[in-house]
Number of protein chains: 2
Amino acid sequence: MRLEFKLKYKDPNTMARIGEIAYNGKTYETPMFMPVGTNATVKTLSPEELKMIGSGIVLANTYHLWLRPGEDIVAAAGGLHKFMNYDGPILTDSGGFQVFSLAKPNDITEEGVKFKNHLNGDALLLTPEKSIEIQQKLGSDIMMSFDECVKWPSTYDYMASSVERTLRWARRGKDVKKDNDQLLFGIVQGGEYPDLRKHCAEELVKMDFDGYSIGGTSVGENKPTMYKMVEYSTPYLPEDKLRYLMGVGDPIDLIENSMRGVDIFDCVSPTRLARHGHAYTKYGKINIKNNKYKTDFTPVDECDCYTCKNYTKAYIRHLIVANETFGARLLSIHNIYFLHKLMKQIRENIKSGTMKEFRDQFVRDYYGNKE
Amino acid sequence: MRLEFKLKYKDPNTMARIGEIAYNGKTYETPMFMPVGTNATVKTLSPEELKMIGSGIVLANTYHLWLRPGEDIVAAAGGLHKFMNYDGPILTDSGGFQVFSLAKPNDITEEGVKFKNHLNGDALLLTPEKSIEIQQKLGSDIMMSFDECVKWPSTYDYMASSVERTLRWARRGKDVKKDNDQLLFGIVQGGEYPDLRKHCAEELVKMDFDGYSIGGTSVGENKPTMYKMVEYSTPYLPEDKLRYLMGVGDPIDLIENSMRGVDIFDCVSPTRLARHGHAYTKYGKINIKNNKYKTDFTPVDECDCYTCKNYTKAYIRHLIVANETFGARLLSIHNIYFLHKLMKQIRENIKSGTMKEFRDQFVRDYYGNKE
């Protein structure tokens, strides 16, 4: 089945929007956070738990599934949904991000990117066509174009020529895509250069993708630059298509970029933080391994998730310290729920026209914490 | 609340029995298998999952909880049930098994056992009194006496004097036990010497414990010796009290020892095997990492557990190979369910007087597998 997106409401005060995704008999409102299931599993969690905490789209990584178990095995299983027992929408990335992080400069050519398989050292080549072929076998609902992932900062000249390559690669991927129910997104690159972002967005829109991603925005702790990159991109994207900001999941970034017109976000943070014993709370992140939680028999946060309704900081601390995976599972449930709840608050405040007040109050609470 | 045991039925053909445990408004039939939650968590599983797969009593390890988080923290949390969010019955061991495995010969005295904390190297002493004190703070429903865990084989003379020490230690523990709802079990030792087993059982029964354990039976793959040790013990134990065979969980051992009058069993096997990718099936254990399961899109076993209803061998293999904890979780669910289902079949065959036929058929199926 095909995932459908409808724009429902535009905030008159900001660029924020409310949308609705319809898929497999269910609807999901945007802006939305998508948990990451790299290996066709959101680490430590079951599909039922994802539903319980309110997840909609989940992400799976093309690079990892290509290498293991292999896209042909996933296809033989009947596709990712059947393989991992998840009947909600699934998005796959292009594999580009991992491949560029493994490649040396000479390995990047017009054809694609050469790199060494991190599991066994085999020499492999990923191209725009190959990425689409793999994603089609995986059977995700939303596929990504293979783009050039450029390091930040890059010179204007390098970025200008890289954008042209990203556009050529987007076209090559689109040309081989089958006429099926899978959506294909183009990826807006261009670094922090407004005219390159505009050009890239406009050229992608001419190619008429099913949705648009904004890439290259993970510039460390440099939030103002990230926000600018989004501002330079969203105005040139069509209103009736989904907009996806890749790899962004810090709470304040979810708020700020929703206000800039982004619909969907993904990030490994909630599950990765959980495995290291970190939890989001209204008053900022806490480290559950801190000694002061040894005898703290209160929940992680003022929260109505499964974890906070049933377990104390002292118990979760004990599990994390003793390396018991149930601890990571409890914190993963809480952390993903925290981001889903935040997105719900964002949607409510978009609807009531109070996003700026909401942001200011959230920042005061969240960053006031001085643990 | 206090756990109550009632004998319901005796098999006229074997020594097997059907009993009923009443606890916190629920009843559980015996013989029963108890999953192990060493650190106040059955590895990878939630309390809700344990209930879903039919677990009754779960075991927690006194040694581990004493060292981390410490019995005072568990007591401050309101006891193990509240700490780990499990409202079914909980059994704790004495800590002796771990302590004896860490101690050198000179560290074992009449007072107790000196050993080094495996987490930080601190010198510690565990005594019969201390073991009861810790278990009382943990707040389990069934406590174990601190006994001497003797290596197998041991000479008759050594075992004879060890049994006397185990009896003196059992008495010392019983003397300091508070008059509360916690049950305290005595532990029958005596190796493979019939007269020592008889003597130990009879002396413990004179002290009137709330139930009786059979210890020292983990003699590797030497199953005939284990079965003899049980046969030398159960005839001297009162019919109206629970009988617990410690650390035994191999499917055939559950059958054979149920036929020798044992009511409850525990073992880390189902969860430990799961973490290593092994699964019980009707036709023997399989190793899910085997290459032949790469494209096996059938369930682990003919089984109606959550895992077998929803996931294929190929997916679970992928998770285990990729080190994803959801794989260990899925196999833990299946493996524990497998043992619970086996115990149910044992109870049905005790009731219908067909234990021997059931055993013979089970062995043919289970050990016929030549993977």
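Visitor: Leaving aside its neighbours within four places in sequence, which residues is A:Asp147 in contact with?
Guide: In this predicted model, A:Asp147 sits in the loop that runs between strand E9 (142-144) and helix H7 (156-176) of chain A. Once neighbours within four places in sequence are set aside, the residues in contact with A:Asp147 are A:Ser94, A:Phe100, A:Thr166, A:Trp169, A:Ile187 and A:Gln189.

Visitor: Which side chain makes a polar contact with the side chain of A:Asp147, and how far away is the nearest side chain of opposite charge?
Guide: A:Asp147 is buried and yet has no salt bridge. Its side chain makes a polar contact of 2.7 Å with the side chain of A:Gln189, a residue that also appears in the list of contacts of A:Asp147. The nearest side chain of opposite charge belongs to A:Arg197, and the distance to it is 8.3 Å.

Visitor: What radius of gyration does chain A have, set against that of a compact globule?
Guide: The C-alpha atoms of chain A fill a box of roughly 60 × 50 × 45 Å along the principal axes, and buried residues make up 60% of the 371 residues in the chain. For a compact globule with 371 residues one would look for a radius of gyration near 21 Å, and the value for chain A agrees with this, being 20 Å.

Visitor: Is B:Asn39 buried or exposed, and with which side chain of chain A does its own side chain make a polar contact?
Guide: B:Asn39 is found in the loop between strand E4 (32-35) and helix H1 (47-52) of chain B, and because its relative accessible area is 5%, it counts as buried. Not counting residues up to four places away in sequence, B:Asn39 touches B:His64 and B:Leu65 as well as A:His318, A:Leu319, A:Ala322 and A:Glu324. The polar contact made by the side chain of B:Asn39 has a length of 2.9 Å, and the partner is the side chain of A:Glu324.

Visitor: How many residues apart are A:Lys282 and A:Asp365, the pair that links distant parts of the chain?
Guide: The side chains of A:Lys282 and A:Asp365 meet in a salt bridge of 3.2 Å, N to O. A:Lys282 lies in the loop between strand E14 (278-279) and strand E15 (286-287), while A:Asp365 belongs to helix H15 (residues 355-368) of chain A. A:Lys282 counts as partly exposed because its relative accessibility is 34%, whereas A:Asp365, at 16%, counts as buried. Along the chain, the two are 83 residues apart.

Visitor: Why are B:Lys130 and B:Glu133 separated by about one helical turn, and at what N to O distance do their side chains meet?
Guide: An α-helix has 3.6 residues a turn, so residues three or four places apart point the same way. B:Lys130 and B:Glu133 are three residues apart in helix H6 (residues 128-138) of chain B, and therefore about one helical turn separates them. B:Lys130 is partly exposed at 23% relative accessibility, and B:Glu133 is partly exposed at 34%. Their side chains meet in a salt bridge, with an N to O distance of 3.9 Å.

Visitor: Which residues are linked with A:Lys130 in a network of salt bridges?
Guide: A search of the whole structure finds 60 salt bridges over all chains. In the network that includes A:Lys130, the other linked residues are A:Glu71, A:Asp72, A:Glu133 and A:Lys137.

Terms used
Residues are numbered from 1 along each chain as its sequence is written. Chains are lettered from A and ligands numbered from 1 in the order in which they are written. This is a predicted model: local features need pLDDT of at least 70, side-chain atom pairs count only at pLDDT 80 or more; totals for chains, interfaces and linings use all residues. Side-chain values use heavy atoms; hydrogens and water are left out. Helices (H or I, at least four residues) and strands (E, at least two) are DSSP runs, numbered from the N terminus. Buried means under 20% relative accessible area, exposed over 50%, partly exposed in between (1.4 Å probe, protein chains only). Lys and Arg count as positive and Asp and Glu as negative; His and the chain ends are not counted. A salt bridge is a side-chain nitrogen of Lys or Arg within 4 Å of a carboxyl oxygen of Asp or Glu. A polar contact is a pair of N or O atoms within 3.5 Å; within protein, one must be able to donate a hydrogen and the other to accept it, and residues adjacent in sequence count only if both atoms are side-chain atoms. Contact means heavy atoms within 4.5 Å. The radius of gyration is taken over C-alpha atoms; the globule rule is 2.2 Å times the number of residues to the power 0.38.
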